[in-house]
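These are my notebook entries on one structure. I record below what I looked up, entry by entry.

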Amino acid sequence: MMNHWMFRCKDISRKVSLGMDAGLPFHERLAVEFRLVMCRYCARYRKQLRQLREISGQIDTDLPGCEPSELLSEECKDRIKEALRSYQ
Amino acid sequence: MKDGPQIDPESWVDRYGDALFHFALARVKDREIAEDLVQETFLAAVKAKDRFKGKSTEKTWLFGILKHKVIDHYRKKRSVIYEQDLSKGTEDLDAFFNAKGAWSTMPENWRLNPGKSQEVREFIDHFYQCLADLPKKTAEVFAFREIDGLSTKEICKRLNITASNCRVILYRARMLLRKCLELAGLGPSGAAE
């Protein structure tokens, strides 16, 4: 059986991913945190996975500052509404 | 619909049309294609409205649908589409590590400063392109989990795969996405960790 305090970067990469989906047993969580303190690259890896999650959920919020050309035209809105009416 | 929230598809166009279009245009850089993607999003939402349980906001839900459309759009432009056996293990990911299990290529500190919107936009562009480069099912599992926020249990049920299989696929998706984003030259930022 693997000594949890001896997790290698390869093991950590799996455990961190797993921890984002299913959670880890307490002793493994502790061992992962310990390793993340010891290895800056493993810590970066976790930061990357968190950034992937953040980016996945991101939606634009800077609408107030954008040009009219970046918005949906009234003509197109009417067309889409018509398509929705036809569909229903 | 009996239990879900009240839905008024035509009002979506006025409430969320601009935001969805702005997002789509930023990704595909073509007005006509962006308009088509927004229209397809609303139509797909109407078809799937019984699935909307009100767990997320209407806006987040519609954005989720649009993001799938954007990934499909990028994928259609690829000359090669990778299909993958979902039961595949992680042996091919061993290349990320040396014989002692240490990183063979060190993870980088990505340029993703929330204060710099141009950096974030560039990152998001690469992110969706990299997602489209993944084997289709792998990208699908990742999108269900991270974009739609489904639990692994819900993903397993939807795709008829085991929980351990689902976790392996998510691990693979994350590792490959990281690699793709790093190849796109998004690091290092030089920012403090």
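I count a salt bridge where a side-chain nitrogen of Lys or Arg lies within 4 Å of a carboxyl oxygen of Asp or Glu. By that rule I found two salt bridges between domain 1 of chain B and domain 2 of chain B. I note at the outset that the model is predicted.

**Entry 1: the domains of chain B**

I looked up the domain assignment of chain B, which gives domain 1 as 8-77 and domain 2 as 78-193. Their C-alpha centres are 23 Å apart. In the contact I found 15 residues from domain 1 of chain B and 18 residues from domain 2 of chain B. The two domains bury about 1,400 Å² between them, and 57% of this area is on carbon and sulfur atoms.

I then looked up a salt bridge between Asp125(B) and Arg27(B), whose side chains meet at 2.8 Å, N to O. For polar contacts across this domain interface, I recorded three residue pairs, with both residues at pLDDT 80 or more.

Which elements give two or more residues to the side of domain 1 of chain B that touches domain 2 of chain B? I found α1 (9-28) and α3 (58-77) of chain B. The largest share of that side comes from α3(B), with nine residues. Sorted by class, this side of domain 1 of chain B has eight charged, five nonpolar and two polar residues.

**Entry 2: aromatic pairs**

I searched all chains for aromatic pairs and obtained nine. I examined Phe23(B) and Tyr128(B): their ring centres are 5.9 Å apart and their planes stand at 90 degrees, so I entered the pair as edge-to-face. Phe23(B) belongs to helix α1 of chain B and Tyr128(B) to helix α4 (residues 117-133) of chain B, so the pair ties together parts that are 105 residues apart in sequence.

**Entry 3: chain A against chain B**

I turned next to the interface between the chains. Here 45 residues of chain A are in contact with 59 residues of chain B. The buried area between chain A and chain B is about 5,100 Å², with 58% of it on carbon and sulfur atoms.

How many salt bridges are there between chain A and chain B? I recorded eight salt bridges. In one pair that I looked up, the side chains of Arg145(B) and Asp21(A) meet in a salt bridge at 2.8 Å, N to O. My search for polar contacts across the interface of chain A and chain B returned 22 residue pairs, both residues being at pLDDT 80 or more.

I also asked which elements of chain A supply at least two residues each to the side that touches chain B. These are α1 (9-21), α3 (40-57) and α4 (74-87) of chain A. The largest share of that side, 14 residues, is from α3(A). By class, I entered 20 nonpolar, 15 charged and ten polar residues for the side of chain A that touches chain B.

**Entry 4: salt bridges over the whole structure**

Finally, I searched the whole structure and found 21 salt bridges over all chains. I looked up the pair of Asp94(B) and Lys10(A), whose side chains meet in a salt bridge at 3.0 Å, N to O. This pair crosses between chains: Asp94(B) is in the loop between α3 and α4 of chain B, and Lys10(A) is in helix α1 of chain A.

Definitions and conventions. Residues numbered from 1 in each chain as written. Chains lettered and ligands numbered in written order. Predicted model: local features only at pLDDT ≥ 70, side-chain atom pairs only at ≥ 80, totals over all residues. Heavy atoms only, no water. Contact = heavy atoms within 4.5 Å. Buried area = accessible area lost by both parts, 1.4 Å probe. Polar contact = N/O pair within 3.5 Å; in protein donor to acceptor, adjacent residues only side chain to side chain. Helix = DSSP H or I, 4+ residues; strand = E, 2+ residues; numbered from the N terminus. Nonpolar A, V, L, I, M, F, W, Y, C, P; charged D, E, K, R; others polar. Domains from an automatic or database assignment. Phe/Tyr/Trp six-rings, centres within 6.5 Å; stacked < 30°, edge-to-face > 60°.
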